[in-house]
Amino acid sequence: MRSNRQLGSALIEHNLVKFPDLDAANERLLELAAGDDLRQTSVLAILAYEKKVLREEDVLHHIVDDLGLGVVDLRSYEVPEVLKHGLELGACWATWTVPFDREEDFTFMATAYYLSPAVRSYWEKKVGGTLVWQATTLEIIADFLDRVQTERDEAAKNSAPKTTP
């Protein structure tokens, strides 16, 4: 919830949404938060895809043009197994962020929530070292996390002991 609140504040601060729209999105977010599905609790998704008062593309353009980040598409990126294996999927869903590569002391982060200081702070404490941030979309993060979950489910199924009737 904190990452969503801070993202909403940043969207207003950067003139990407108006307060009444954010207020309505926050009410909807509280409804969705009552459930257990972290992927549904995204103020960005509510504003862009449910309320249609913001285009996610505009947020990406702002992050690239005004804040100088690059953009990454994880659908064609081969993430090292060691990073995928250690991912806490709940934290990734809650922050809409994933570490996708590591070179020496540099960890490369893909995020749809860069504008949320809570997200950046969480990952800086969690990962340590120097983080190199890249912007991406909610869809790309969701696709990546779904693929990791599918791989884990398949691995668990294949390692389960076989029983004979």
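Is S116 buried or exposed? S116 counts as buried, at 0% relative accessibility. Buried means under 20% relative accessible area, exposed over 50%, and partly exposed in between, with a 1.4 Å probe and protein chains only.

The views below show a predicted model, in which local features need pLDDT of at least 70, side-chain atom pairs count only at pLDDT 80 or more, and totals for chains, interfaces and linings use all residues. Residues are numbered from 1 along each chain as its sequence is written, and side-chain values use heavy atoms, with hydrogens and water left out.

**View 1. Surroundings of S116 in the loop between strand 3 and helix 7 (117-127).** S116 touches R2, S3, Q6 and L7, not counting residues up to four places away in sequence. Contact means heavy atoms within 4.5 Å. Helices (H or I, at least four residues) and strands (E, at least two) are DSSP runs, numbered from the N terminus.

**View 2. Packing of helix 1 (residues 2-13) against helix 2 (residues 19-33).** Two packed helices are described by the angle between their axes and the distance between the axes. Here the angle is about 165 degrees, and the axes of helix 1 and helix 2 are 10 Å apart. That makes helix 1 roughly antiparallel to helix 2. Helix 1 and helix 2 make a right-handed crossing. Helix 1 contributes N4, G8, S9 and I12 to the contact, and helix 2 contributes F19, L22 and L29. Four of the contact residues are nonpolar, three are polar and none is charged.

Axes are lines fitted to C-alpha atoms, for helices over the stretch in contact, and angles run from 0 to 180 degrees between N-to-C directions. Angles under 35 degrees count as roughly parallel, over 145 as roughly antiparallel, 65 to 115 as roughly perpendicular and the rest as oblique. A crossing is right-handed if the near helix is turned clockwise from the far one by less than a right angle, and left-handed if anticlockwise. Ala, Val, Leu, Ile, Met, Phe, Trp, Tyr, Cys and Pro count as nonpolar, Asp, Glu, Lys and Arg as charged, and the others, Gly among them, as polar.

**View 3. Crossing of helix 1 and helix 3 (residues 43-50).** The two axes come within 8 Å and cross at roughly 50 degrees. Helix 1 and helix 3 are therefore oblique to each other. N4, L7, G8 and L11 form the helix 1 side of the contact, while V43, L44 and L47 form the helix 3 side. Five of these residues are nonpolar, two are polar and none is charged.

**View 4. K52 in the loop between helix 3 and helix 4 (56-67).** K52 counts as exposed, at 64% relative accessibility. Leaving aside neighbours within four places in sequence, K52 is in contact with I46 and L47. K52 and D21 are 31 residues apart along the chain, and their C-alpha atoms are separated by 9.6 Å.

**View 5. The open sheet of four strands.** The strand order is 1-4-3-2, with mixed pairing. Strand 1 (70-71) and strand 2 stand at the edges, each with a single partner strand, so one side of each is left without a neighbour in the sheet. Two strands pair if DSSP finds at least two bridges between them. Strand 3 and strand 4 (residues 130-135) pair in the parallel sense over six bridges. T107 has L131 of strand 4 as its bridge partner.

**View 6. The hairpin of strand 2 and strand 3.** Strand 2 and strand 3 (residues 106-111) pair in the antiparallel sense, over six bridges. T97 stands opposite T111. V98 has A110 as its bridge partner. D101 stands opposite F108. Two residues lie between the strands, and E104 takes a positive phi near 50 degrees. Strand 2 (residues 97-103) is mostly covered, with five of its seven residues buried. Helix 8 (residues 138-159) lies across strand 2 and strand 3, and runs at about 75 degrees to strand 2.

**View 7. Surroundings of W123 in helix 7.** W123 is buried, with a relative accessible area of 3%. Leaving aside neighbours within four places in sequence, the contacts of W123 are A91, C92, T95, T97, P99, M109, G128, L131 and W133. W123 and C92 are 31 residues apart in sequence, and 9.7 Å apart in space, C-alpha to C-alpha.
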